[in-house]
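Reader: I would like to work through a model slowly, taking one feature at a time. Please give me the general idea before each case.

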Amino acid sequence: MEFNKIRELVDRYWDGASTLEEEEELRSFFSMEHPHLPADLKEAQALFGYFAAEADIPMPVFPEIGTLTGQTPATGKTVVRTMVWHHWMKYAAVLLMAIGIGYGARQFTSRHDGVLAERSIAADTYNDPKEAFAATQKALALLSRNLNKGTAQVQKLSYFNEATDKIKAN
Amino acid sequence: MSLAIFLSQVVPVRQKLYRFAYRLLENEEDAMDVTQDTLMKVWQQQERMTDLQNMEAWCMRIVRNLALDKLKARKYRRSEDLDTASELPAIQQENPHIVAEKQDVMKRVHGIIAGLPEKYRTIIQLRDIDGYSYQEIADILVIELSEVKTNLHRARKVVREQLQKLQVYGV
C-alpha cells in the first residue's frame, strides 16, 4: 500500500509536478532501509540516496565575521604602528644619496677648475701682438728649415728612381 | 542597521552558500574563497541590503557568478571520470560489500548529474538537494519561473533516462 503512494509521488517527481512537501516525503522515505523495495522504485532510491549524501557535505571552520566586516573601508582603516627605528633603511638610503650627490658635486668642481686653468694658459701666452707675431714667425721658420732638409733627401731618392727606370728601359 | 541585517540574514546562510559553491567548484578551498568573497561583496554593498526582498537569493546569485568566473578563469574541468565521487561522504554500514556497492552507485549517479549541462545541474541541485522553491530558484538564476519548471522537468527526464540506460539501481 505504502509503495503505491510512493510510486505515485515518484511519478509526479519525474514529471516535474511534485511539490516541496512531496519531495520531502520522498527524501524521508528513501532515507530508510527498504529490503523489499519494488524494482521500479530502485532508480529513484539511487538518486535520492545521492541527494542525501550530497546534502551532507562536511562544513569547514569559517573565519570570524568580525575580521570580514573589519576589512571594509566602512568600518575604518586599520592603523599599523611602527617605531621610528623601523625606518632605518629609509634613513640609510637618504644618507647614501646625500653622500653621492656631495661627492659628484665635488668632482665636478675640481674638474671644472682644471679646465678653466688650462684654458687660461692657452689663451694668455702673449699679451703683446708683436711678440706673438715674432714668435710665430720663428716657429714657422724652424718648420720650414726642417721641411727643406726633408726635400733634399727626397731629391736623392728621385735620382735613384730615374736610374732604376733607365736600367729597366735598356 | 546594515550590520544587523548582515548578521541576521546573511551570516546564517553561510553554510548554504559554501555548499552551493562546493558543488559548482568541487574543491574545498575554492568554495571557501568564493563564500568569503561573496560575504565581503555583500558587506561592501550594504546600502543595498535594505532594498532587497530576497537576501538569500541575492547571495546565492553572487556565489554562482563568482564560482562560474573562477571556473572560467582556471579552466576547470568537471571530472567526468568520477574520481571526485570517491570524496562523497562515507556511508555508515558494517558490511564492506554493501558499502562498496553503495559507493559505486553514488559514483555513477554523481557522473550522471555532473554530465548534465550547467543550468540543468544547478537547478536540480538547488531543488533536490537544497530544497529551494521554484520562485527562489528563479530569483537565484535570474530566469522566469516557467523556465525553472521546464528546465527541471527536462533535467529530471535526462537523469531518469541515464539511470535506466546505465542500469543504476539503489542498493
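**Helix 7 and its surroundings**

Author: The cover over the buried residues of helix 7 of chain B includes helix 4 (55–73), helix 6 and helix 8 of chain B, where helices (H or I, at least four residues) and strands (E, at least two) are DSSP runs numbered from the N terminus. This is a predicted model, in which local features need pLDDT of at least 70 and side-chain atom pairs count only at pLDDT 80 or more, whereas totals for chains, interfaces and linings use all residues. Residues are numbered from 1 along each chain as its sequence is written, chains are lettered from A in the order in which they are written, and side-chain values use heavy atoms, with hydrogens and water left out.

Reader: Which residues of helix 7 of chain B are buried?

Author: Buried means under 20% relative accessible area, exposed over 50%, and partly exposed in between (1.4 Å probe, protein chains only). In helix 7 (residues 134–141) of chain B, the buried residues are B:Y134, B:I137, B:A138, B:I140 and B:L141.

Reader: Why do they lie on the same side of helix 7 of chain B?

Author: An α-helix has 3.6 residues a turn, so residues three or four places apart point the same way. Here the buried residues cover an arc of only 165 degrees around the axis, which puts them on the same side of helix 7 of chain B; the arc is that of the directions from the helix axis to the C-beta atoms. Just after this helix, B:V142 takes a positive phi of about 55 degrees.

Reader: How many helices and strands does chain B have?

Author: Chain B has eight helices and zero strands, and of its 171 residues 50% count as buried.

Reader: How should I read the interface, and what area do chain B and chain A bury between them?

Author: Buried area is the accessible area (1.4 Å probe) that two parts lose on being put together, summed over both. For chain B and chain A this comes to about 3800 Å², 66% of it on carbon and sulfur atoms. Of the area that chain B buries against chain A, B:D128, B:R156 and B:R160 supply 14%, more than any other three residues.

Reader: How many salt bridges does the rule find across the interface of chain B and chain A?

Author: A salt bridge is a side-chain nitrogen of Lys or Arg within 4 Å of a carboxyl oxygen of Asp or Glu. The rule finds five across this interface; one salt bridge joins B:R23 to A:E54, with the closest N and O atoms 3.9 Å apart.

How values were computed. Contact = heavy atoms within 4.5 Å.
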